Amino acid sequence: MKRETVETDTWRTDDMHVVCPRAAGLDVHKMCITAAVRLCDAGGGPARTAVREFSALPDGLGAMTDWLRGHDVTAATMEGTGVYWKAPFEALEEAGIRAQLLHAQHVRQIRGKKTDTNDSLWLARICQFGLALPSYVPPRLFRQLRQLTRYRRRLVSERSRARNRVHKTLDHDGLRIGGILSDLFGVNGRRVLDGLVAERSPRCILAGLTSHVRAKLAPLAKALAATLDPLALFALQVQLEAVDRADATLAALDVRIREALADYQRPLRLLQTIPGIDLGSACTILVEIGPDLGAFREARHLGSWAGVAPGNNTSAGKRRSGRVRPGNPTLRATLAECAHAAARTTGSQFHGYHRALAARLGYKRAILATAHKLLRVIHAVLRDDRPYTDPGIDYEHLVVARNAPRWIRMLTQHGFLEEAQAVRR
């Protein structure tokens, strides 16, 4: 018989009560906004409603905030769909009205009864009675920085695709330089590429290389014996220009992001003490999480919001699929990249943790679990305002100590242990 558990539900109460007597709901579209206000008296009685449509342009946003303040609205709710919610959200903040962003799936209307008016009235009712938990929205500076950090990630992917196209162009015409040089876009690799675009002779190209590739000069001379036709040469030039533009844009983005985070050097330095996290990853993580961890009560709530915590799906005493829920895709991808680097950091707890899980779960699932552990460490480091210190836990030893009795029993049962002992004798 299972033990009875008693907990206090801090999010819901047994009785419906008004948490915001003068609430509003906004159904936001690209060019128009349908706003509804729901007003009720403290003593009870039927609520009064009013609905009005406004333009989504700046003059319409000003008229909407004036109309809401004319009704003494203190809080307004809207759905988080696309990017259309951001301008009305900031207009409400500037007007002194508490803005709430809700997940669209949490406030769905019944099929067949969906109109803009019904949506706005339903959102106003949700706001008035507190029927849904608002989404986490960081301060405005971090919302603006998210555009830069997320664009930076896309630009890194585009640069990788441009580099792959350079490899493909060379391989297509038989210049297998990428199989000789470890980094085709390093110092020597770039000199070779620039020499090909400038149509220099192989001897001139090889003469301009550094001494680091002295042992590779002979295979490079054989590879450069192949020639590029004019169309391939033009394609190579265009692709290298695309790589250069991406590099210049990435450098400008890095400078602008670090300037904007000049007041947050302490948390950035703390994040870089964790294995696998460099300055670029630290900036992305801080921008996505925000400057205040108070929005997340515990590390497990942060993990669920980021989309790296295992799902909870239990019914009738049976645990079903534990696949992760959709969370913050940018933060999850960044944590996965940092988890790859942390798992390769010999001597850290993440190295043994990933190896112990990979034997049972596989490499990819172990990386996601390592990213979850990394996020819990990030939460502890930022919460305590202290640098990371590795606890030196040997997870492989813990796994062996936990499973060794079962392994020995099964080996003995099937006779393998006796055969091994006989071989030793």
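His372 is found in helix α14 of this predicted model. With a relative accessibility of 13%, the residue falls under the 20% limit and so counts as buried. Setting aside neighbours within four places in sequence, His372 is in contact with Gly303, Val308, Ala309 and Pro310.

Helix α14, which spans residues 363-384, also takes part in the largest nonpolar core. That core has 36 residues, and the members touching the most others are Leu261, Leu271, Ile274, Ile285, Ile289, Leu335 and Ile378. At least two core residues come from each of α4 (140-172), α8 (230-260), α9 (265-272), α10 (279-289), α11 (299-306), α12 (329-343) and α14. The top contributor is α14, with 8 residues. Ile285 gives a good look at how this core is put together: beyond its neighbours within four places in sequence, Ile285 is in contact with Leu271, Ile277, Leu331, Thr334, Leu335, Cys338 and Ile378. A further core of 25 residues lies apart from this one, and its members include Leu170, Ile180, Leu206 and Leu209.

Some of the helices that feed the largest core turn up again around a cavity. The model has 1 cavity of 30 Å³ or more, and the space inside the largest cavity comes to about 70 Å³. Its lining is made up of Thr149, Arg152, Asp254, Ile257, Arg258, Gly280, Cys283 and Thr284. Helices α4, α8 and α10 each provide at least two of the lining residues. In character, the lining is a mix of 2 nonpolar, 3 polar and 3 charged residues.

Aromatic residues also pair up in this structure, with 7 such pairs in total. One of them joins Phe54 and Trp67 in a tilted arrangement, the ring centres being 5.5 Å apart and the planes at 55 degrees to each other. Phe54 sits in strand β3 (residues 48-55) and Trp67 in helix α1 (residues 58-70), so this pair ties together parts that are 13 residues apart in sequence. Both partners, Phe54 and Trp67, are buried. Elsewhere, ring pairs link Tyr136, Phe296 and Trp305 into a cluster.

Next comes strand β4 (residues 75-79), the home of Met78. Met78 has a relative accessible area of 0%, which means that the residue is buried. Gly60 is 18 residues from Met78 along the chain, and 16 Å separates the C-alpha atoms of the two. The contacts of Met78, again without neighbours within four places in sequence, make quite a list: Leu26, Val28, Trp85, Pro88, Phe89, Leu92, Gln100, Leu101, Leu102 and Leu123.

Pro88, Phe89 and Leu92 from that list are also among the buried residues of helix α2 (residues 86-94), along with Glu90 and Ala91. This buried set packs against a whole range of elements, namely β1 (22-28), β2 (32-39), α1, β4, β5 (98-102) and α4. After α2 comes Gly96, with a positive phi near 80 degrees.

How values were computed: Residues numbered from 1 in each chain as written. Predicted model: local features only at pLDDT ≥ 70, side-chain atom pairs only at ≥ 80, totals over all residues. Heavy atoms only, no water. Core = buried A, V, L, I, M, F, W, Y, C linked by side-chain atoms within 4.5 Å. Buried < 20%, exposed > 50% of the residue type's maximum accessible area, 1.4 Å probe, protein only. Helix = DSSP H or I, 4+ residues; strand = E, 2+ residues; numbered from the N terminus. Contact = heavy atoms within 4.5 Å. 1 Å grid on protein atoms, 1.4 Å probe; cavity = no way out; pocket = protein on both sides within 12 Å on 5 of 7 lines; lining within 4 Å. Points joined across faces, edges and corners; volume = space filled by probe spheres on them. Nonpolar A, V, L, I, M, F, W, Y, C, P; charged D, E, K, R; others polar. Phe/Tyr/Trp six-rings, centres within 6.5 Å; stacked < 30°, edge-to-face > 60°.
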